[in-house]
Each structure stands twice: as C-alpha cells, then as structure tokens.
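User: I am new to reading protein models. Could you take one part, look at it closely, and then show me how it connects to what lies around it?

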Amino acid sequence: MTEPTTEPYNALYSPPYPPDSALAVYLHIPFCRTRCSYCAFNTYTNLENLIEPYIQALQHEITLVAGQTQPMAHTIYWGGGTPSLVPVPYLEAVLKTCAAVFSLSPDLEITLEANPGTVSIDYLCALRQAGINRLSLGMQSANRDELKLFARRHQIDDVASTVEQARAAGFVNINLDLIYGIPYQTLAQWQHSLETAIRLNTPHLSLYSLTIEDATPMQRQVTNGKLSTPDPDLAADMYEWASEQLEAAGFAQYEISNWARPGFACQHNVHVWRGLPYLGLGAGAHGCAHHTRYVNVLYPTTYIERINAQSQPIPFPLSAAADEIEHLDEQGEIAETMILALRLLEEGLSLDTFRARFGRDLWEVYGPALDRLIGLGLVQYTPDRRVCLTLRARLLSNYVFREFI
Ligand code: SF4
C-alpha cells in the first residue's frame, strides 16, 4: 500500500455523520413560470393549476413510502422546478406530513430552491415560520447579456434584493448558484459575476460549468449555428480563478462544485455524497436506499394518477410512482460509494467507513487503481486513513472516476 501523505484533514467543514439509516428526503416541484434556455430538469410551464392536486399526491406518496418504517429524516430538500411557486400553506402541509411519518433529526436542515425576484418578504417570513432554514437562489450570472441568453426571468438587482429580504426574514443559511463557461463569456465577465456574488456575503456558493443539455433551446441554438459551444480551456481557467478567489475570501471548497463558510456545507448533498440513503418524492424524483435505486415517472399528471390509485403502503424505499427500478449489486454500490465520496474533496472516503459498510479493505478492491492514481498525483492517502482527490485532480475528476467503474 502507498504511504499516506502528510496533508492534514480539516474537519472544520465536515459535518458529523448522522446514523447510517437516516434519510435525506428530496421533494420535487416540477413547475416553472417559463423555461430557461439551458434547463433540462424535469419541469413544466403552464401547469400551475396542478399545484394543489400535486401537493396532495406528494403527501400521499410520503405516507405510502415511509409510513411503515418511520426512519429518521436528516434533511429535507425542496428542489425543482421552482418550489417557491408553491404557496407556503401547501409547503407547510407537506412538512407536517413528513413530521408525522418520519422521525425528524433534531438539527433538521430544510432547504428550498427559489428564483431571485419572485419571492416577497412576507413569503420569505412565512417560509421561516414553516421551519425552512436554508434558501438556495438561482443567481446564475451578474451580467445582463448572460441572463438574457439563459432566458432567466430575473434581473441582476433582484439577487441583492432577495438576499437582503431573506436575511430580514431570518435566513442565515443562503446559497447562490452561479454558472460559468457560458458561450461568449470572457474571464472578466465571469470575474464580475463571482465578485458580485462574494460581495453579497452568503455563506454558500455553488459554481457549475455550463453543459449544453440535449433537447434544450440552447442546444437547438448550437445545432443551428446560432450559438458557439463553450470553450473548455477557458472554463477550466475560470474554475481555477474562482477556487483561488473563494479561498482568499474565506470559503472552503468541500465538493467539486461547492464552497462554504465553516458550518454551512449543504447537509443534504453531503448526505448523498457520503453514499447514505435518500428518498426522492414527486414527479421524476430519484431515490436510493436498501440496495435499490428508483426514478419516479416524469410527467406530473401521470404521477398524480399513479399515486392516487395506490392505497396500500409499498415496500420501503420504493415509490408507487417508480418508473425505473434498479437493484444494485455489491460491485455497483462500491463503485458508486467511491465516486460519490471522492467528490467530497476534504472528507474523501475513509477506509474504516468503507470496511464497516462492505466488510472489505478498500485496497483489496481498488489497490492497483489507487496506487496508479496516487502515483499520478491525482489521489492522496491521508494519515487518518482516507483517500481524497488532490488539488490537481479537481479538473480531472471524470478521468479519476472512470478508474472505479
Ligand atoms: S427556473 Fe430552474 S428549473 Fe425552472 S426552467 Fe429555469 S433553470 Fe429550469
């Protein structure tokens, strides 16, 4: 086995482990006012009349899936789509259902995704009163042309005003999402976006490299020659510049695309990257627990019909609306655990956690691959018996991950 490096593990950014059986609960809201040009998420416009029956179906799905076992919910994450289109009493009703069927962790993180400029101070205050304690805002850019290219509904000033109102409503834990590597984006434009976000002083930032997804308006523009594809080398420069700036601004990069101030890592995503069980509820939501992975049916009306037709609880963790079900074998779970854990840059994968979970030594499974990657300076082995990506590997993570499949 390769000798460990001496680089210390900074536990400051590593939230404690919940019990292995605890769940991260994801609730999907598949409605948006308009469609952003790059978006490939499972979301629909002009279906807001379905919000009420959809919320009722979501409550029913929670009772069908979780009612028999009452596992602990460690986090709840409202994603979308645009969850902030849902009136707070509906969100509250779903959270009450969760409280009735799950045992809630005492330090439950409840995140809600929202679009800047679409939420009032009254709405934000009501969210806090309903127990939502983390807000994730889709800022994406501080450049007018880029927001226009993305067909975002908000303007640049909306981000600052929404952050300010969220703080006034009592939110401390706020994330901003930003996108870099945009067609025609210069390094200076990206620097302006990131510097604007840093000035807003939220404790969490997620930076995503733009991917031109299939069947999106942006892909059609690229196919028609109306838009150039992003330059990957420039995107890499943007990422490296951002890493340096954020480190200087006091953020820790705890995951390939995520930076947080101490204590503000997103517990929900960390739970998933640790390979712990998660439940996805709602149209198109994914779940993975008990060696089973499933994806719910995509279309909201079909989802509502399927859930409403089900009266008997179904075996945990399956959903009554599951369209795809995959039973994972041990090798599949090992590979997934490895890839997810390496995304956690400081925490990585502990050899002791791996042995506790699979009853095997990590080097016995992946020794030659790990030795090769350590030799290439892409993976490090730490004194407290963990393997992590090196600084150099952050831009080469897909190459590293291929070694474990
Ligand atoms: S608001 Fe979010 S989910 Fe809705 S279309 Fe835009 S990117 Fe997609």
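Analyst: Gly81 sits in the loop between strand 2 and helix 2. Please keep in mind that this is a predicted model. The bond that links Gly80 to Gly81 is a cis peptide bond, with omega at about 15°. Gly81 also belongs to the residues around the ligand.

Let's look at that ligand next. Which residues are around the ligand? Besides Gly81, the list holds Cys32, Thr34, Arg35, Cys36, Tyr38, Cys39, Phe41, Thr43, Thr82, Asn115 and Arg152. By type, this shell divides into five nonpolar, five polar and two charged residues.

You may have noticed some cysteines in that list. How many disulfides does the count come to? The count is zero. Cys98, for example, is in no disulfide, since the nearest cysteine sulfur belongs to Cys266 and is 16 Å away. For a disulfide, the two sulfur atoms would have to be within 2.5 Å. Cys98 counts as buried because its relative accessibility is 0%. Cys36, one of the residues around the ligand, also counts as buried, because its relative accessibility is 14% and the cut-off is under 20%.

Now step back from the loop to strand 2, which covers residues 72-80. Strand 2 and strand 1 run parallel and are joined by seven bridges. Strands of a sheet pair through backbone hydrogen bonds, either parallel or antiparallel. One pair to find on your screen is Val25 with its bridge partner in strand 2, Ile76. Strand 1 also pairs with strand 9, again in the parallel sense, over four bridges. There, Val25 stands opposite Leu279. Val25 is therefore a handy landmark, with Ile76 as its partner in strand 2 and Leu279 opposite it in strand 9.

Is strand 1 mostly covered or mostly open? Strand 1 is mostly covered, with seven of its seven residues buried. In a regular strand the side chains alternate between the two faces of the sheet. You can follow the two sides of strand 1 by name: Leu23, Val25, Leu27 and Ile29 are on one side, while Ala24, Tyr26 and His28 are on the other. Both of these faces are covered.

Helix 1 is part of the same picture, as strand 1 and strand 2 are among the elements that cover its buried residues. The cover also includes helix 2 (88-101), strand 9 (278-281), strand 11 (292-296) and helix 10 (300-308). Helix 1 itself runs over residues 51-66, which makes 16 residues. From the first C-alpha to the last, helix 1 reaches 22 Å, close to the 22 Å expected at 1.5 Å a residue.

Which residues of helix 1 are buried? They are Ile51, Tyr54, Ile55, Ala57, Leu58, Glu61, Ile62, Leu64, Val65 and Ala66. An α-helix has 3.6 residues a turn, so residues three or four places apart point the same way. With that in mind, try following Ile51, Ile55, Leu58 and Ile62, which are among the buried residues of helix 1.

Between strand 1 and helix 1 there is a loop that holds Asn46. Asn46 has a positive phi of about 60°, although it is not a glycine. Is Asn46 buried or exposed? Asn46 counts as exposed because its relative accessible area is 66%, and the cut-off for exposed is over 50%.

You can compare Asn46 with His290, which lies in the loop between strand 10 (286-289) and strand 11. The phi of His290 is also positive, near 50°, in a residue other than glycine. His290 counts as exposed because its relative accessible area is 54%.

Finally, let's come back to the cis bond where we began. The bond between Gly80 and Gly81 is cis, and a cis peptide bond also joins Phe316 and Pro317, with omega about 10°. Pro317 lies in the loop between helix 10 and strand 12 (322-327). Helix 10 is one of the elements that cover the buried residues of helix 1, which brings you back to the helix you have just explored.

Key:
Residues are numbered from 1 along each chain as its sequence is written. This is a predicted model: local features need pLDDT of at least 70, side-chain atom pairs count only at pLDDT 80 or more; totals for chains, interfaces and linings use all residues. Side-chain values use heavy atoms; hydrogens and water are left out. The expected span of a helix is 1.5 Å times one less than its number of residues. Buried means under 20% relative accessible area, exposed over 50%, partly exposed in between (1.4 Å probe, protein chains only). Contact means heavy atoms within 4.5 Å. A residue is near a molecule or strand if one of its heavy atoms lies within 4 Å of it. Ala, Val, Leu, Ile, Met, Phe, Trp, Tyr, Cys and Pro count as nonpolar, Asp, Glu, Lys and Arg as charged, and the others, Gly among them, as polar. Two strands pair if DSSP finds at least two bridges between them.
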